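Student: Please take one helix of this model and examine it closely, together with the salt bridges that involve it.

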Amino acid sequence: PGIEQAAFALQPGQISNVIPVAGQFVILKCESHNPPRTVDRATVENALVEKIADEKLREASHSLFAQLQASSTLVNVYNNPELRQTMPGVVATVNGDRVTMKELGDECLLRHGEDVLEAEISRLLLEQELKKNNVTVTDADLNEEVCHAAELSGVVDANGKADLAKWFKTVTEEQGLEKDQYLQDAVWPSAALKKLTASTVQVTEKDVRKGFEANY
């Protein structure tokens, strides 16, 4: 309500005061006013369902990953001198499966050790869960996730579809990442978590009605 009230009170060119929202702070700028329009719910329902389902999937994914971490046995051998003596060549174990020094070293050629180790642990955790559930992450899944990220950020072409060339250029330049690194570290985990939580997410009539009222 605070954001909505502030947004509709602004005139084009105006900037709002700082608005505290859910432990964060928001500043709004009004670029222009769109004229009111009548929208038939049937014409936007598919897009609404997809948007709501994605939001629910992200919430479920976050919850699942927290559960996986809490219920798994993760041992960071790399930072424990005593364990390093007893497990030469191993930097971590995830439920007994090993992340080797060679695997970490290969990744460290491109990035930094501690960050890479955390990423390797997280990836192995997800790979174990995918295998347990007989689920795979395909190239189509990765492409869908990239398209969705681009569309959410407004990086689209004249037809409203994701402009992938522009999106990859934006991501690699702004974040200083190679395309393959972005796909591995950001896109793959997100797609994996969505595949693992998809069966738990349902979009109800109430969800769609609220979404339609909020957006149209």
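Tutor: The following account takes up one helix, its salt bridges, and then a second helix and a pocket.

This is a predicted model, in which local features need pLDDT of at least 70 and side-chain atom pairs count only at pLDDT 80 or more, while totals for chains, interfaces and linings use all residues. Residues are numbered from 1 along each chain as its sequence is written, and side-chain values use heavy atoms, with hydrogens and water left out.

The helix chosen is H2, residues 41-71; helices here are DSSP runs of H or I with at least four residues, numbered from the N terminus. H2 has 31 residues and reaches 43 Å from its first C-alpha to its last, close to the 45 Å expected at 1.5 Å a residue, where the expected span is 1.5 Å times one less than the number of residues. H2 bends by about 30° at Ala 47, the bend being the angle between axes fitted to the seven residues ending at a residue and the seven starting there.

The buried residues of H2 include Val 44, Leu 48, Ile 52, Asp 54, Leu 57, Leu 64 and Leu 68. Buried means under 20% relative accessible area, exposed over 50%, and partly exposed in between, with a 1.4 Å probe and protein chains only.

A salt bridge is a side-chain nitrogen of Lys or Arg within 4 Å of a carboxyl oxygen of Asp or Glu, and the model has 13 salt bridges by this rule. One of them joins Lys 51 and Glu 55, at 2.8 Å from N to O. Because these two residues are 4 apart in helix H2, about one helical turn separates them. An α-helix has 3.6 residues a turn, so residues three or four places apart point the same way. Lys 51 is partly exposed at 37% relative accessible area, and Glu 55 is partly exposed at 39%.

Lys 56 forms a salt bridge with Asp 207, with the closest N and O atoms 2.6 Å apart. Lys 56 belongs to H2 and Asp 207 to helix H9, so this pair ties together parts that are 151 residues apart in sequence. Lys 56 counts as partly exposed, with a relative accessibility of 27%. The C-alpha atoms of Lys 56 and Leu 28, which are 28 residues apart along the chain, are separated by 26 Å.

In helix H4 (residues 101-108), Asp 106 and Lys 102 are likewise 4 residues apart; their side chains meet in a salt bridge of 3.1 Å, N to O. Asp 106 is partly exposed, at 40%, whereas Lys 102 is exposed, at 60%. Salt bridges that share partners also join Asp 54, Arg 58, Glu 145 and Lys 194 into one network.

Lys 194 is among the buried residues of helix H8. The 19 residues of H8 (residues 179-197) should span 27 Å at 1.5 Å a residue, and the end C-alpha atoms are 26 Å apart, which agrees. H8 bends by about 40° at Val 187, and Pro 189 follows within four residues.

Helix H9 (205-215), which holds Asp 207, and helix H1 (2-9) each supply at least two residues of the lining of the largest pocket. Of the 18 residues that line this pocket, Phe 8, His 33, Asn 34, Pro 35 and Asn 215 lie nearest its centre. On a 1 Å grid over the protein atoms alone, a pocket is an open set of points where a 1.4 Å probe fits, with protein on both sides within 12 Å along at least five of seven lines, and lining residues have an atom within 4 Å of a point.
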